[in-house]
Amino acid sequence: MMDDHPARRVTLQRHILESQRHHREATGELSVLLTQIAYAGKIFAHALGRAPLAGRLGSTGGTNVQGEVTKKLDVFGNETITDAFATSELVAAVVSEEDDEPRPMACGPGAKYILCIDPLDGSSNSDINGVVGTIFGVYQPATDGAREADVAHLRSGRDQVAAGYIMYGPSTAFAYTTGEGLHGFTLDEDIGEFVLTHPAIRCPEAGSYYSANLANVPTWPSNARRYIEHLTDSTEAAHAYSLRYSGALVADVHRTVLEGGIYLYPCDLRHPDGKLRLLYECAPLAFVVEQAGGAASTGRARVLDVPIQSVHQRIPFVIGSRAELERFDAFMRSDA
Ligand code: FBP
């Protein structure tokens, strides 16, 4: 029940600063960094709402390093978030889905963070006024403290000190973790502030929704195919399941942390290593969902334990309620 006097509401900035107080060693840099991501998110939310009016729909005519058609909004989102850090001295480099290589940021010695972003998640939804999102992971690789952080020192998703997503839907949602639970905010456009609406989100232990591109099932590994057959076989499944697949990972994960269930993108014939990217899609969402009591797996390993080998590395990705993940992993271990 929200207290109606706006002054009493907990804004994102206040929430970040209050959690900073729990850390004597904190310098405030991470707090400013998170606030800066939220600021860029507000700018992007506004631009998304006006995109059809501002001629920002459609593609640029080019492709990105992934070989995907680049949308004008991919570029705008990427520039908006990267520009927010260009002169901040907070971030040594930005790794983005839209850039071939990490972008070094102007920074002084000791910039200890690497920001990894998927500026426009669900880009296939962007021209049809569908839900899209932004995903971010803040990594603090081991450094000797003298030099700034180096992408080459990133080891795994465990190097993250913060992660989250912004979902641009009927309302704009911001969810983040710094390792002290998952907290959700809603943009109050009247006052231009993200306000706490979903404190300490807990992902239900099990759920009735599953999300997957079923068109790929015929070329999934046989165990994963067996798992989906099990889910959709009412005589076998623990309970009835319904399919929900929005085309935007952020939206499917947001529903899953709030209502339970499972999202799957295993490897398949077109994506032999999986489709989704470890550094700026899978590892940030794995950190987020684990902080809400859920889990994330490749089918063989916990996503946060996967060693980082390249900035655009892809992995098979399954995420959601703990009981659903345990069941999926059991199928992947079994001799189907
Ligand atoms: P983008 O970041 O390029 O949008 O790619 C990720 C994504 O669009 C996810 O949001 C979504 O769940 C999935 O890929 C959809 O893939 P497919 O079209 O193969 O089902």
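# Salt bridges, ligand shell and buried helices

Glutamate 281 and arginine 277 form a salt bridge, with their closest N and O atoms 2.8 Å apart. The model is a predicted one. Across the whole structure, a search finds 15 salt bridges. The ligand has 18 residues around it, and the protein buries 89% of the area that the ligand exposes when taken alone.

**The Arg277–Glu281 network**

- Both partners of this salt bridge are buried: glutamate 281 has a relative accessible area of 2%, and arginine 277 is also at 2%.
- The pair does not stand alone, as salt bridges with shared partners link Glu68, Glu97, Arg277 and Glu281 into one network.
- Glutamate 97, a member of that network, also faces the ligand: one of its polar side-chain atoms lies 3.0 Å from a ligand oxygen atom.

**Salt bridges at 155–159 and 305**

- Aspartate 159 pairs with arginine 155 in a salt bridge whose closest N and O atoms are 2.6 Å apart.
- Aspartate 159 is buried because its relative accessible area, 6%, falls under the 20% cut-off.
- Arginine 158 forms a salt bridge with aspartate 305, and here the closest N and O atoms are 2.7 Å apart.
- What does the pair of arginine 158 and aspartate 305 tie together? Arginine 158 lies in the loop between strand E6 (132-139) and strand E7 (160-168), while aspartate 305 lies in the loop between strand E14 (295-297) and strand E15 (317-320), so the pair joins parts that are 147 residues apart in sequence.
- Arginine 158 is exposed, at 54% relative accessible area.
- Aspartate 305 is partly exposed, with a relative accessibility of 35%.

**Ligand shell**

- Of the 18 residues around the ligand, those that come nearest are Asp121, Gly122, Tyr245, Leu249 and Tyr265.
- Aspartate 121 places a polar side-chain atom 2.6 Å from an oxygen atom of the ligand.
- Tyrosine 265 does likewise, with a polar side-chain atom 2.6 Å from a ligand oxygen atom.
- Taken alone, the ligand exposes 470 Å², and the protein buries 89% of that.
- Two elements give two or more residues to the shell: strand E5 (113-121) and strand E13 (262-265).
- Strand E5 supplies the largest share, three residues.
- Sorted by class, the shell holds seven nonpolar, four polar and seven charged residues.

**Helix H5 and histidine 254**

- Histidine 254 sits in helix H5, which covers residues 249-259.
- Is histidine 254 buried or exposed? Histidine 254 is buried, with a relative accessible area of 13%.
- Apart from neighbours within four places in sequence, histidine 254 is in contact with Tyr165, Met167 and Ala173.

**Helix H6 and what follows**

- Helix H6 spans residues 278-291, and 13 of its 14 residues are buried, so the helix is largely enclosed by the rest of the structure.
- Glycine 293 follows H6 and has a positive phi, near 95°.

How values were computed: Residues numbered from 1 in each chain as written. Predicted model: local features only at pLDDT ≥ 70, side-chain atom pairs only at ≥ 80, totals over all residues. Heavy atoms only, no water. Salt bridge = Lys/Arg side-chain N within 4 Å of Asp/Glu carboxyl O. Buried < 20%, exposed > 50% of the residue type's maximum accessible area, 1.4 Å probe, protein only. Helix = DSSP H or I, 4+ residues; strand = E, 2+ residues; numbered from the N terminus. Near = heavy atom within 4 Å. Polar contact = N/O pair within 3.5 Å; in protein donor to acceptor, adjacent residues only side chain to side chain. Areas by Shrake-Rupley, 256 points an atom, 1.4 Å probe, with all protein chains shown as cover. Nonpolar A, V, L, I, M, F, W, Y, C, P; charged D, E, K, R; others polar. Contact = heavy atoms within 4.5 Å.
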